[in-house]
Amino acid sequence: MVNIGLIGLGGWGKNHVRVLNELKVLSGICDVNNVTLEYYSKKYKINGYTSVNELIHNEKLDGIVVATPVKTHYKIASNIITNKLPIFIEKPITDNYIEAKKLIELSKINNVKVMIGYIERFNPVLIELKAILDRDNGQNPILINFNRLNKIDEKLIDVGIIMDTAVHDIDLARWLFKSEPKMIFAQTRKVQSEKDNLSFIQMEFKNKGIALITSSWISKNKMRKLELLNNNSTIDVDYIKQTININNNQISIEGEEPLLNEIKHFISSIKNNTKPKVTIEDGVKTTRIAEAATISSKTGTPMFLEV
């Protein structure tokens, strides 16, 4: 039996509490909002805390999920890692490379397992795409065009569109190309807003692959798709419809909810003392790339880096 604590019940946290309860591993919850805390505590008949330290010291936990605002990740994660508890941190690991790098050093000192919540790696249709690419005689993609469009209330998000939304596809690009970017160029726009709500990123990888990433918070229709070109085929993937179209031959994919897959994997890594599929190193690299993209969007110049 594995006992997992959850910190953060707003936004994505409400999905985590549902899944953790469904898996019968939820052992305690924590949030600074007393109303929200009381609601979920009563709903799931679980102990609730407003203090992270009280959660850690009062519950016999085997791991903790952190689903709080991004700017709180570093302080909360540092505390948990120092207490030598395995931790799942929702993406991104932090909103800046310096803090992310400090967390990786802290995890090594304390020998703590850290998994970062890049959920698309657990999306059945993308798992199948990765398997297809890996079977394709080692043919790496040449070009991937990502589109992630939605209508989002900007007031609910504490970081910019690149660090909040584009990071999903930055991580996917690294995973699918099996390489790291050497050049990043980004542009953002404020559409009837004081905050950037539209972004476009171009990344050139060390293996000469190119990724184009479009992210939007202002689209009326939700879209999560990618178009991939390699030497043998053109592949279109629809994350929502769970379809893959290869050279005009379409297949439909069935599988479990990505978040359920993801949390099952975190629990398994604790039980079996195995390395998670999305490591703290992945989280740090993706945050560094997103930070470089953010700088590029502000300066109007490409960023060159070794990741």
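Two strands are taken to pair if DSSP finds at least two bridges between them. With that in hand, the predicted model can be walked through sheet by sheet, beginning with strand β1.

Strand β1 covers residues 4–7, and both of its faces are covered. Ile4 and Leu6 are buried on one side, and Gly5 and Ile7 are buried on the other. Strand β2 (residues 26–30) runs parallel to β1 and is joined to β1 by 4 bridges. Within that pair, Ile7 has Cys30 of β2 as its bridge partner. Strand β4 (residues 63–66) also pairs with β1 in the parallel sense, again through 4 bridges, and here Ile4 stands opposite Gly63. From β4 the pairing carries on to β5, in the parallel sense and over 3 bridges, with Ile64 opposite Ile87 in β5.

These pairs belong to an open sheet of 6 strands with parallel pairing, in the order β3-β2-β1-β4-β5-β6. Because β3 (48–49) and β6 each have a single partner strand, they stand at the edges, and one side of each is left without a neighbour in the sheet. Helix α1 (residues 13–22) lies across β1, β2, β4 and β5, and runs at about 165° to β1.

Helix α4 (residues 73–82) is a further piece of this picture, with His73, Ile76, Ala77, Ser78, Ile80 and Ile81 buried. What covers these buried residues of α4 includes the strands β1, β4, β5 (87–90) and β6 (114–117), along with the helices α3 (52–58) and α5 (97–110). Lys84 follows α4 and has a positive phi, near 60°.

Attention now turns to another sheet. This one is open, has 9 strands in mixed pairing, and follows the order β14-β13-β12-β11-β7-β10-β9-β8-β15. Its edge strands are β14 (249–252) and β15 (303–304), each of which pairs on one side only. Helix α7 (residues 161–177) packs on the sheet, where it touches β7 (143–151), β8 (181–189), β9, β10 and β11 (218–229). The direction of α7 makes about 25° with that of β9.

Strand β9 is a handy place to look at this sheet in detail. Its partner β8 runs antiparallel to it, and 8 bridges join the two; one of the bridge partnerships links Arg189 with Leu198 in β9. Strand β9 (residues 198–205) also pairs with strand β10 (residues 210–216) in the antiparallel sense, over 7 bridges, and Ser199 stands opposite Ser215 in β10. The strands β9 and β10 form a hairpin with 4 residues between them, and Lys208 in the turn has a positive phi of about 75°. The two faces of β9 are unlike in their cover: Ser199, Ile201, Met203 and Phe205 make up the covered face, whereas Leu198, Phe200, Gln202 and Glu204 make up the uncovered one.

Elsewhere in the 9-stranded sheet, Asp236 has its place in strand β12 (residues 234–238). Asp236 has a relative accessibility of 32%, so it counts as partly exposed, a class that lies between the under 20% of buried residues and the over 50% of exposed ones. Leaving aside neighbours within four places in sequence, Asp236 is in contact with Leu226, Glu227, Thr243, Ile244 and Asn245. Asn33, in turn, is 203 residues from Asp236 in sequence and 42 Å away in space, C-alpha to C-alpha.

The last topic is internal space. Rolling a probe the size of a water molecule over the atoms shows where empty space is left. The structure holds 1 cavity of 30 Å³ or more, and the largest cavity contains about 40 Å³ of space. Its lining consists of Lys130, Leu133, Asp134, Gln139, Asn140, Pro141, Trp175, Leu176 and Lys178. The elements that give two or more residues to this lining are α6 (124–135) and α7, and α6 gives the most, with 3 residues. By class, the lining of the largest cavity has 4 nonpolar, 2 polar and 3 charged residues. Helix α7 thus appears in two settings, packed on the sheet and contributing to the lining of the largest cavity.

Terms used:
Residues are numbered from 1 along each chain as its sequence is written. This is a predicted model: local features need pLDDT of at least 70, side-chain atom pairs count only at pLDDT 80 or more; totals for chains, interfaces and linings use all residues. Side-chain values use heavy atoms; hydrogens and water are left out. Contact means heavy atoms within 4.5 Å. Axes are lines fitted to C-alpha atoms, for helices over the stretch in contact, and angles run from 0 to 180 degrees between N-to-C directions. On a 1 Å grid over the protein atoms alone, a cavity is a set of points where a 1.4 Å probe fits but cannot get out, and a pocket is an open set with protein on both sides within 12 Å along at least five of seven lines; lining residues have an atom within 4 Å of a point. Grid points are joined across faces, edges and corners, and a volume is the space filled by probe spheres set on the points. Ala, Val, Leu, Ile, Met, Phe, Trp, Tyr, Cys and Pro count as nonpolar, Asp, Glu, Lys and Arg as charged, and the others, Gly among them, as polar. Buried means under 20% relative accessible area, exposed over 50%, partly exposed in between (1.4 Å probe, protein chains only).
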